[in-house]
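I opened a fresh page for this structure. These are my notes, in the order in which I looked things up.

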Amino acid sequence: MDVNQSEKFPRPFLLERYFAEHEFTAPHMLCASDCESLPMAQLVSMMKPDTRELWDNLALGYTESQGHPKLRHAVAEMYEHDAITPEKVQILAPAEGIYVALRSLLKAGDRVVCTWPGYQSLSEVALAQGAHVDRWEVEEGDAGFYFDVDKLEQLLQSGPCRGVIVNFPHNPTGALPSHDQWERIIRLVSQHDAFLFSDEMYRGLEYDSGDCLASACTVYKQAISLSGMSKVYGMPGLRIGWLVSQNTDMLGSCAAYRDYCTICASAPAEVLSLAGLENSAKLLAQSKARVLKTIEAIEEMLSHPEASAHFTFHRPKAGPISLIGLRGKQCGKAYCKRLVEQSGVLLLPSHLLEWKEHYMRIGFGRDSGPAVVRRWYEAVKGGLVPE
Ligand SMILES: Cc1ncc(COP(=O)(O)O)c(C=O)c1O
């Protein structure tokens, strides 16, 4: 279906509705995109003395709408680029960042190109603005999922384009361009004088850190990068993320919309985020270790013909999620339903991504990952296979 043809936007957020039904009831979550959360007491115990003082003396009033200066400073430092100063950082909730950016950057009749499939709001908010969304679709090769940059070039050449929306490492496949491909993507976007909205929520979770791409905000002046505490740091409950751009006009127009949303961030969440960033190397290493353990469990399961006869999987290069394919190309919906009902294991069927239907999203970032994969394998051995 061409999503541009729908009668009413925004349409229901399919993935959020699925999670609303299952996230807190399915006994064995295996499709979460966030990594394991740290207990708050542990995070507080890891605070540097200055941050601990801030925490102990924190008043629960409104906070600065651009974000706490110390947090913006810590965020800006992470980008290791002279042009990224605390003034170029806007703190907000990650999903809110997508909303305010696309609301402020787009108007009816604009055309944007967006990686596909993806986190629905990346395209849906654009559609709700009356923009036309052209899909840059992921492809599956022998080595896994990838985006063909020639196809982006063709899409950009096919007419005026206001902006390009990308998400690398990619939700849901884990696809990640090479450094050369990323440079070419930036070059193409800049040649067309388009904005680049770069959702980098999973950046930092490259299994080989040499694969980590330069953040878009450091290499292109018309780029806005989105990141936050939710995924790779395992702190989605903080609801803290940030937009970063060298273009303060673009950032300012996002902030104007933000005044009509949450206005400012939660005071305790900002200090806890600061503590998270102070310990980022340790937290990222822990997340990566969890991810790799779950991936190894999946590979172990698929080394057995009882499982490999039914499912396909490519180890991605980054991120806490990817897709498992159903070899017989059955729709994943019925299988996911039977799986959660009969074994309690929750996977996410790809029809909810409005893309091909014979995949299921799997998450690697939880401590329970390997045990849940083994539980799934037991169910498969017991005959719970796609029909
Ligand atoms: C690619 C991507 N961007 C943004 C978000 C929103 O993050 P949050 O739920 O923390 O607001 C998500 C959440 O799943 C995501 O996958």
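**Entry 1: the four-stranded sheet**

In what order do the strands of the open sheet of four strands stand? Before answering, I note that this is a predicted model. I read the order as β11-β12-β15-β14, with antiparallel pairing. I then looked at the edges: β11 (311-312) and β14 (348-349) each have a single partner strand, so one side of each is left without a neighbour in the sheet.

General reminder to myself: strands of a sheet pair through backbone hydrogen bonds, either parallel or antiparallel.

**Entry 2: strand β15**

I went through the partners of β15 one by one. With β12 the pairing is antiparallel and runs over five bridges. In that pair I found I321 opposite G363 of β15. On the β14 side, two bridges join β14 to β15 (residues 359-363), again antiparallel. Here P349 stands opposite M360, and L348 has R361 as its bridge partner.

How many residues of β15 are buried? I get five of the five, so the strand is largely enclosed by the rest of the structure. I also split the strand by face. Y359, R361 and G363 lie on one side, M360 and I362 on the other, and all are buried.

**Entry 3: strand β2**

I repeated the face check on β2 (residues 89-92). Both of its faces are covered: V89 and I91 are buried on one side, Q90 and L92 on the other. For pairing, I noted four bridges that join β2 to β10 in the antiparallel sense. Within this pair, I91 stands opposite W242 of β10.

**Entry 4: surroundings of the ligand**

Which of the residues around the ligand come nearest? I listed P94, A95, Y119, N171 and S230, out of 13 around the ligand. Sorted by class, the shell has seven nonpolar, five polar and one charged residues. I also asked which helix gives the most to this shell, and found α5 (residues 94-105), with three residues.

**Entry 5: the nonpolar core**

I took the largest nonpolar core next and noted 117 residues in it. V112, A126, L196 and L347 have the most contacts inside this core. Helix α5 appears again, giving the most to the core with seven residues. The core draws at least three residues from each of domain 1 (8-38 + 281-381) and domain 2 (58-279). As general background, nonpolar side chains tend to be buried together in soluble globular proteins.

I followed up V112. Not counting residues up to four places away in sequence, V112 touches L106, A126, A131, V133, C161, R162, G163, V164 and I165.

**Entry 6: the two domains**

The domain assignment of the protein chain gives domain 1 (8-38 + 281-381) and domain 2 (58-279). I noted 24 Å between their centres, taken over C-alpha atoms. For the contact between them, I have 33 residues of domain 1 against 34 residues of domain 2.

Which elements supply the side of domain 1 that touches domain 2? I found α1 (14-22), α12 (280-301) and β12 (321-326), each with at least two residues there. Of the elements, α12 gives the most to this side, with seven residues. By class, the residues of this side divide into 18 nonpolar, seven polar and eight charged.

**Entry 7: I295**

I picked I295, which lies in helix α12. Is I295 buried or exposed? I count 22 C-beta neighbours inside 10 Å; the cut-off for buried is 20 or more, so I295 counts as buried. Leaving out residues up to four places away in sequence, I295 touches R315 and F364. I also looked up its distance to Y18: the two are 277 residues apart in sequence and 24 Å apart in space, C-alpha to C-alpha.

**Entry 8: M229**

My last residue was M229, found in the loop between β9 (223-228) and β10 (241-244). Why does M229 count as buried? It has 25 C-beta neighbours inside 10 Å. I then listed its contacts, leaving aside neighbours within four places in sequence: M235, L238, I240, G241, S273 and G276. For I240, eleven residues from M229 along the chain, I noted a C-alpha separation of 5.9 Å.

How values were computed: Residues are numbered from 1 along each chain as its sequence is written. This is a predicted model: local features need pLDDT of at least 70, side-chain atom pairs count only at pLDDT 80 or more; totals for chains, interfaces and linings use all residues. Two strands pair if DSSP finds at least two bridges between them. A residue is near a molecule or strand if its C-beta atom, placed from the backbone, lies within 6 Å of it. Ala, Val, Leu, Ile, Met, Phe, Trp, Tyr, Cys and Pro count as nonpolar, Asp, Glu, Lys and Arg as charged, and the others, Gly among them, as polar. A nonpolar core is a set of buried Ala, Val, Leu, Ile, Met, Phe, Trp, Tyr and Cys residues joined through C-beta atoms within 7 Å. A residue is buried if 20 or more other C-beta atoms lie within 10 Å of its own, exposed if 12 or fewer, and partly exposed in between; C-beta atoms are placed from the backbone. Domain bounds come from an automatic or database domain assignment. Two residues are in contact if their C-beta atoms, placed from the backbone, lie within 7 Å.
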